[in-house]
Amino acid sequence: MSVASSIAKIQNELSNEVQLIAVSKTKPNALILEAYAAGHRDFGENKVQEMAAKHQALPKDIRWHMIGHLQRNKVKYIIDFVHLIHSVDSKRLLDEIQKQAQKINRTVAVLLQIHIATEDSKFGLDEQELESILQEKSAYSHIHFKGLMGMATFTPDSQQLADEFAYLHKLYQRVYGRLDQPSVLSSGMSSDYTIALKHGSNMIRIGSAIFGHR
Ligand SMILES: *Cc1c(COP(=O)(O)O)cnc(C)c1O
């Protein structure tokens with residue numbers, strides 16, 4: 001199936017409130033342009049250098065989503081164009097985003113990534129860290145806190161996936177009133193998005209189901 005028809009097929013399953021992020025990591029610009037030609041504008045990348053190079057080369061109205069673990073020393077390479085950083089997983093990273101955003105007088109939208117999986121290899125905040133960040137939210141004058149992001153365990157166990165997404169949704173509802181622009185719960189990938197959608201997701205990040213296997 002073509003990129004355009006894969007996107008159309010997934011879009012057809014989604015209600016109007018759900019946004020589809022096409023995860024284009026490792027995929028060539030030509031494939032991104034196929035999606036672009038079909039009207040798609042939101043793309044996700046997990047590596048700073050790759051995202052910056054694609055931003056350089058591709059149409060400027062593409063909205064770039066940083067979805068991978070972000071190292072503090074690389075924030076400066078994306079700060080002037082990134083649309084939404086999904087993967088804020090530490091206070092020190094927030095401090096750096098604030099510093100770089102302030103430098104260029106831009107306000108950057110972020111999601112706080114919550115550790116919902118059982119794997120230690122996955123990143124994310126625990127409830128205490130989330131709480132402590134929200135308590136200091138006023139220090140981040142150049143950051144808009146829009147919501148939460150989570151990555152579930154890599155497992156075929158749909159009950160476990162449902163439990164993890166439900167936990168994330170519960171946390172989102174709990175902190176909703178304390179975010180400054182509450183609007184995004186980013187959860188669900190190619191293999192588990194139908195479950196995420198049953199548990200409050202309104203932004204899904206889909207790679208292989210659009211662009212094929214990596
Ligand atoms: C790669 C990636 C995705 C998309 O994964 P697929 O299984 O290809 O849909 C979603 N979210 C994050 C954080 C990723 O790194």
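In this predicted model, S187 touches G150, F165, L168, A196, S201, M203, I204 and R205, leaving out residues up to four places away in sequence. S187 belongs to strand β7, which covers residues 184-187. Its relative accessibility is 1%, and since buried means under 20%, S187 counts as buried.

**Two buried residues that touch one another**

E45 lies in strand β2, residues 42-45. It is a buried residue, at 0% relative accessibility. Beyond its neighbours within four places in sequence, E45 is in contact with S24, K25, T26, I32, E50, M51, K54, W64, H65, M66, I67 and G68.

M51, one of the residues on that list, lies in helix α3, residues 48-57. M51 is likewise given a relative accessible area of 0% and is therefore buried. Neighbours within four places aside, the contacts of M51 are E45, W64, H65, M66, I78, F81 and V82. The E45 list includes W64, H65 and M66, and these three residues also appear among the contacts of M51.

**Helix α5 and the loop that follows**

I133 is part of helix α5, residues 127-135. With a relative accessible area of 1%, I133 is buried. Residues up to four places away not counted, I133 touches S90, K91, L94, L112, L125 and F145. One of these, L112, falls within strand β5 (108-114), and another, F145, within strand β6 (143-150). K91 and L94 fall within helix α4 (91-103).

S138 sits in the loop between α5 and β6. Its relative accessible area is 74%; because exposed means over 50%, S138 counts as exposed.

**Loop residues and backbone angles**

The loop between β1 (19-23) and α2 (29-37) holds T26. T26 has a positive phi of about 70° although it is not a glycine. Most residues other than glycine have a negative phi. T26 is exposed, with a relative accessible area of 54%, and it is also one of the contacts of the buried E45.

P28 lies in the loop between β1 and α2 as well. At a relative accessible area of 46%, P28 is partly exposed.

N105 is placed in the loop between α4 (91-103) and β5 (108-114). Its phi is near 55°, a positive value in a residue other than glycine. N105 counts as exposed, at 65% relative accessibility.

**Distances across the chain**

The table gives C-alpha to C-alpha distances for four residue pairs, with their separation in sequence.

| Pair | Separation in sequence | C-alpha distance |
|---|---|---|
| I133 and F154 | 21 residues | 27 Å |
| S138 and D180 | 42 residues | 10.0 Å |
| M51 and Q135 | 84 residues | 31 Å |
| P28 and K122 | 94 residues | 26 Å |

**The largest pocket**

The largest pocket holds about 480 Å³ of space. It is lined by 26 residues, and the closest to its centre are K25, K122, M151, M189 and R205. By class, the lining has nine nonpolar, 12 polar and five charged residues. Two of the residues closest to the centre also appear in contact lists given above: K25 is in contact with E45, and R205 is touched by S187. K122 is the partner of P28 in the table, at 26 Å.

**The chain as a whole**

The chain contains eight helices and eight strands. A compact globule of 214 residues would have a radius of gyration near 17 Å; the chain has 16 Å, which agrees. Along the principal axes, its C-alpha atoms fill a box of roughly 45 × 40 × 30 Å.

Of the 214 residues, 49% count as buried; I133, S187, E45 and M51 are among them. The chain exposes about 10200 Å², and carbon and sulfur atoms supply 49% of that area. Among contacts between residues at least 6 apart in sequence, 59% join residues at least 24 apart.

Key
Residues numbered from 1 in each chain as written. Predicted model: local features only at pLDDT ≥ 70, side-chain atom pairs only at ≥ 80, totals over all residues. Heavy atoms only, no water. 1 Å grid on protein atoms, 1.4 Å probe; cavity = no way out; pocket = protein on both sides within 12 Å on 5 of 7 lines; lining within 4 Å. Points joined across faces, edges and corners; volume = space filled by probe spheres on them. Nonpolar A, V, L, I, M, F, W, Y, C, P; charged D, E, K, R; others polar. Helix = DSSP H or I, 4+ residues; strand = E, 2+ residues; numbered from the N terminus. Rg over C-alpha atoms; globule rule 2.2 N^0.38 Å. Buried < 20%, exposed > 50% of the residue type's maximum accessible area, 1.4 Å probe, protein only. Contact = heavy atoms within 4.5 Å. Areas by Shrake-Rupley, 256 points an atom, 1.4 Å probe, with all protein chains shown as cover.
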